[in-house]
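Here is a brisk report on the structure shown below. Sheets come before the interface and the core.

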Amino acid sequence: MSVLLETRAVERTFRIGGNAFRKSRAMRAVNGVSLRVEKGEILGLVGESGCGKSTLAKMMLGLLEPSGGEILLEGKPLATLNRLERARRMQPIFQDPYSSLNPRQSVADIVSLPLRVHRVGSAAEQQKRVLEILDLVGLARRYAQSYPNQLSGGQRQRVAIARALVMRPELVICDEPTSALDVSVQSQILNLLLDLRRELGVTYILISHNLAVVEHLATRVAVMYLGRIVEDNDTESLFRDARHPYTRALLDSVLTPEPGRGIPDAQLGLAYPDPIDPPAGCTFHPRCRHVMPRCRTEPPTPIRKADGIVECHLYDGTSA
Amino acid sequence: MGLLPRRARRTASCLVLDGIDLIGAPASALADLRGNRMAMIFQEPMTSLNPCYTVGNQMEEMLLRHRKVTRREARERAVLLLEKVGMTAAASRLEQYPHQLSGGLRQRVMIAMVMMCNPDLIIADEPTTALDVTIQAQILLLLAELRKEFGMGLILITHDLGIVARIADRVAVMYAGEVVEEGSVAAVFREPLHPYTQGLMRCIPVPGKVARGSRLGSIPGMVPSLVGVSAGCSFRERCEFRQPECEADIALRPAVAGHARRCIL
């Protein structure tokens, strides 16, 4: 398989909190992320809120400039592609279909906008493609003239998916695509995403904090903590044999519907660290069960294993 | 809780909290019960805490309203409960405003707050939906421990079957305003009887049971409109086992002792 999207040591820093009396401080939302997305795979990106998942996604889409490092789309730096080309090849699906659709445009207008922007075909051809894509996402054609407020949450998310796919992009970045939906609707949307991958061969990046959804859909999973990828492996190995203590804690926290198992205690403690003032050494060490003296001072580097990458002192050989 | 807008009309043959009739009770009597004998935890702690008052102020108010205590005693109890819900530096937290706390901490404050008067019943409406998985497990563990320690009843409202399975003793499945199935968690998860419950269970990916990347089950159709009155089973339009008898109203009836369903099957 070939690499579709690659990030190389991507960083993003935000300046926050500055005023006349206080200097602004730097917050590193994304701190040196190197990731490869192969053609045709579904990469799951998991981590707690505030760990930088969405910032990373925005940089991949070209909605946010990286402060450092570079992002390559099929070997070409993203910065050299113009906006139109980026939008043709990559599209987002956002969490909340209530705020990501313009309430004053009809479904047909929303879905056809990318076609109009890219000047694809005549008006009649555009309409034909809109109806085709509505069929594909399982939304009855009679809704084409409806407005978002006349649709249910699941239908709205189908509209968002139709809009993302109408230009046949190669990469779709789904940021919590089902978090705002009921379970019965969630399963329909997940089925749809899988069907579309089979039919159109799209590659997905799936950002979610629902690990059951990620395990079901993703072919590979990257775990993010405080702006860094701490573990990256194929889904089966990661869920069977998680290496990083943070990954294990995340997996332990999942509540599968099995009565009698009780509520797990992942022993992560309370505090998600302040990203403005991250802990020294390994940023996970204040919450880690296996903390060693060197974790407090020495940041770990990525260790490549036969399958996947892990960033933890437990695995760099000298201490194990 | 009696918090519905005035236009809503409640009808019930029986709505009683520990011998007190809640339907006939005047507003003042209900106000004496709310926060005192029964209390509620909402989904979004940012919108259910008042941003203009400190955490301490809002917590003390519960006790000052319902008990004859001094502000100092109320403050002591607030500190005690904040420690109980696992917050560090509890005394200084009282001076903080909700926006200075993280989502998990805010929800802990909510829980500590409803515990102020040691209520008999806590209603938690999606208490962890806005939180991360790791924090979710911590909050649920806390609720379960407090319930055991103080012996209160807990009604947990959620759409997450995983939470139900792990924390509840009994479960009532609701559809379109009616309870369609009720029973012990063990019985309902082992053998769901109502087609709606069965559908829900097929919708969720369960690691180890559902093959990765396979199609998940789904429930066709949509929740019916609740405007107007309709007779018969409210799920029949989406049900694969639909019979002519489903047009008539169906009572919730037991299949075995302690496990009932609203279905003709």
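## Sheets, interface and core

In this predicted model, chain B holds an open sheet of three strands, ordered S3-S4-S5, with parallel pairing. Strand S3 (38-41) and strand S5 (153-157) of chain B are the edges; each has a single partner strand, so one side of each lacks a neighbour in the sheet. From one strand to the next, the twist averages 15°.

S3(B) pairs with strand S4 (residues 121-125) of chain B in the parallel sense, over four bridges. Within S4(B), B:Ile122 is the residue opposite B:Ala39. Helix H6 (residues 103-114) of chain B lies across S3 and S4 of chain B. Its direction is at about 175° to S3(B).

Chain A has an open sheet of eight strands. The order is S6-S7-S8-S3-S9-S10-S12-S11 (chain A), and the pairing is mixed. Strand S6 (90-93) and strand S11 (303-304) of chain A form the edges, each pairing on one side only. Strand S9 (residues 220-225) and strand S10 (residues 228-234) of chain A run antiparallel and share six bridges. A:Asp232 in S10(A) faces A:Ala222. Helix H9 (residues 245-252) of chain A crosses strand S3 (42-46), S9 and S10 of chain A, at about 105° to S9(A).

The two strand pairs and the helices lying across them are set out here.

| Item | Partner | Value |
|---|---|---|
| S3(B) | S4(B) | four bridges, parallel |
| S9(A) | S10(A) | six bridges, antiparallel |
| H6(B) | S3(B) | about 175° |
| H9(A) | S9(A) | about 105° |

Next, the contact between the chains. How many residues does the contact take from chain B and from chain A? Chain B gives 37 residues and chain A gives 40 residues. On the side of chain B, helix H7 (133-150), helix H8 (161-167), helix H9 (185-190) and helix H10 (195-203) each give two or more residues. H7(B) supplies the largest share, seven residues. By type, the side of chain B that touches chain A has 22 nonpolar, 11 polar and four charged residues.

Chain B is divided into domain 1 (13-168) and domain 2 (186-206 + 228-265). Their centres, taken over C-alpha atoms, are 33 Å apart.

The largest nonpolar core has 142 residues. Those touching the most other members are A:Val111, A:Ala162, A:Ile205, A:Leu206, A:Val223, B:Ala112 and B:Val114. Each of the two domains of chain B gives this core at least three residues. Neighbours within four places in sequence aside, A:Ala162 contacts A:Val111, A:Ile133, A:Leu134, A:Val137 and A:Leu139.

Note on methods. Residues numbered from 1 in each chain as written. Chains lettered and ligands numbered in written order. Predicted model: local features only at pLDDT ≥ 70, side-chain atom pairs only at ≥ 80, totals over all residues. Domains from an automatic or database assignment. Contact = placed C-beta atoms within 7 Å. Nonpolar A, V, L, I, M, F, W, Y, C, P; charged D, E, K, R; others polar. Pairing = 2+ DSSP bridges. Axes fitted to C-alpha atoms, helices over the stretch in contact; angles between N-to-C directions. Core = buried A, V, L, I, M, F, W, Y, C linked by C-beta atoms within 7 Å. Buried ≥ 20, exposed ≤ 12 C-beta atoms within 10 Å, placed from the backbone.
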